[in-house]
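Work through the exercises below with the structure open. Try each task before reading its solution.

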Amino acid sequence: MEFKQWEPIYLDILEDMGFSREEDEQAAIILSRMLDKDNTADLSVLRKLIAGKSVIVCGNAPCLKDQLEVTDISGKTIIAADGATAVLVDRGIIPDIIVTDLDGDLEKEILANKRGSVVVVHAHGDNIDKLERYVPLMKDIIGSTQSVPLVNVYNFGGFSDGDRCVFLADEFHASEIKLLGFDLDDVNVTDIKKKKLIWAKKLIGDLL
Ligand SMILES: Nc1ncnc2c1ncn2[C@@H]1O[C@H](COP(=O)(O)OP(=O)(O)OP(=O)(O)O)[C@@H](O)[C@H]1O
Ligand SMILES: Nc1nc2c(c(=O)[nH]1)N=C(CO)CN2
Ligand SMILES: [Mg+2]
């Protein structure tokens, strides 16, 4: 998605969530400076994994475990939203792509990354400390931001980890996008998470 198309939505999200654009942009600059040809993956890797493929996006709602039991994932491209990575890894599944703002189970995300997962690391105003701590431990990174894109730091659209997975699959022209582990009306979450899930419902609903 072009940033010009995304920007008005981003401005609404900033206002609703009370986040700072300046801090998001500072985080993106820090991430951009940490990325180089040695620790990044080329966008062609994402294209190869997604274009024309049937994609399964895993969110981290409690229903993920049961839905994985009854879903045939063979031959599909698996994209894990942050905390969903640990659920997959615990079942012996290494996702093709992890989309994360680095507040999930980082031990499992780093393990999956070592075993081949491409990791789309999202910079925002509230995770600068995590970028500094975990990015040096990763490889095959694609940087992401919810603000203006920079060198090695892209904006494919989307806000929280789960909806950014869906925007990524759409951007790279998946032939089909199936969601597992999404319960966007979940009431058993914190108030801030409820607000993020409301945005996810709107963003995914408008896109698909
Ligand atoms: N009921 C749910 N509870 C938690 N996550 C959900 C749920 N339904 C869908 N998801 C999606 O799963 C994604 C990953 O969930 P996780 O618990 O790892 O979130 P998180 O990393 O704490 O959230 P975020 O960083 O997006 O605030 C979320 O970004 C969300 O889009
Ligand atoms: N500034 C800021 N941006 C975000 C935040 C957050 O906590 N702060 N959480 C997100 C969830 O993936 C996505 N974007
Ligand atoms: Mg997260």
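**Exercise 1.** Which atom of ligand 2 does a backbone N or O atom of Asp161 approach, and at what distance? Then find polar side-chain atoms that do likewise.

Solution. This is a predicted model, and each distance is computed from its atoms.
- Step 1. Start with the backbone: an N or O atom of Asp161 lies 3.4 Å from an oxygen atom of ligand 2.
- Step 2. Turn to side chains. Asp101 places a polar side-chain atom 3.2 Å from an oxygen atom of the ligand.
- Step 3. For His124, the partner is a nitrogen atom of ligand 2, and the distance from the polar side-chain atom is 3.4 Å.
- Step 4. Compare with the cut-off: a polar contact is a pair of N or O atoms within 3.5 Å. The distances for Asp161, Asp101 and His124 can each be checked against it.

**Exercise 2.** How much of the accessible area of ligand 2 does the protein cover, and which residues are around the ligand?

Solution.
- Step 1. On its own, ligand 2 has 330 Å² of accessible area, and the protein covers 93% of this.
- Step 2. List the surroundings. Among the residues around ligand 2 are Phe19, Asp24, Gly125, Asp126, Gln146, Phe159, Ser160, Arg164 and Lys196.
- Step 3. Sort the shell by class: 6 residues are charged, 4 are polar and 2 are nonpolar.

**Exercise 3.** Where does ligand 2 sit, and what lines that site?

Solution.
- Step 1. Ligand 2 is in the largest pocket, whose volume is about 670 Å³.
- Step 2. The lining of this pocket consists of 35 residues; Ser160, Asp161, Gly162, Lys193 and Lys196 are those nearest its centre.
- Step 3. Assign elements. Helix H9 (191-207) and H8 each give at least two lining residues, and H9 has the largest share, with 5 residues.
- Step 4. By class, the pocket lining has 13 charged, 11 polar and 11 nonpolar residues.

**Exercise 4.** How many cavities of 30 Å³ or more does the structure hold, and which residues line the largest cavity?

Solution.
- Step 1. The structure has 1 cavity of 30 Å³ or more, and the largest cavity contains about 60 Å³ of space.
- Step 2. Its lining is made by Val99, Val120, Ser144, Thr145, Asn155, Phe156, Gly157, Arg164 and Leu168.
- Step 3. Strand E5 (141-145) and helix H8 (161-171) are the elements that give two or more residues to this lining.
- Step 4. By class, the cavity lining has 4 nonpolar, 4 polar and 1 charged residues.

Terms used: Residues numbered from 1 in each chain as written. Chains lettered and ligands numbered in written order. Predicted model: local features only at pLDDT ≥ 70, side-chain atom pairs only at ≥ 80, totals over all residues. Heavy atoms only, no water. Near = heavy atom within 4 Å. Polar contact = N/O pair within 3.5 Å; in protein donor to acceptor, adjacent residues only side chain to side chain. Areas by Shrake-Rupley, 256 points an atom, 1.4 Å probe, with all protein chains shown as cover. 1 Å grid on protein atoms, 1.4 Å probe; cavity = no way out; pocket = protein on both sides within 12 Å on 5 of 7 lines; lining within 4 Å. Sits in = over half its atoms within 2 Å of the grid points. Nonpolar A, V, L, I, M, F, W, Y, C, P; charged D, E, K, R; others polar. Points joined across faces, edges and corners; volume = space filled by probe spheres on them. Helix = DSSP H or I, 4+ residues; strand = E, 2+ residues; numbered from the N terminus.
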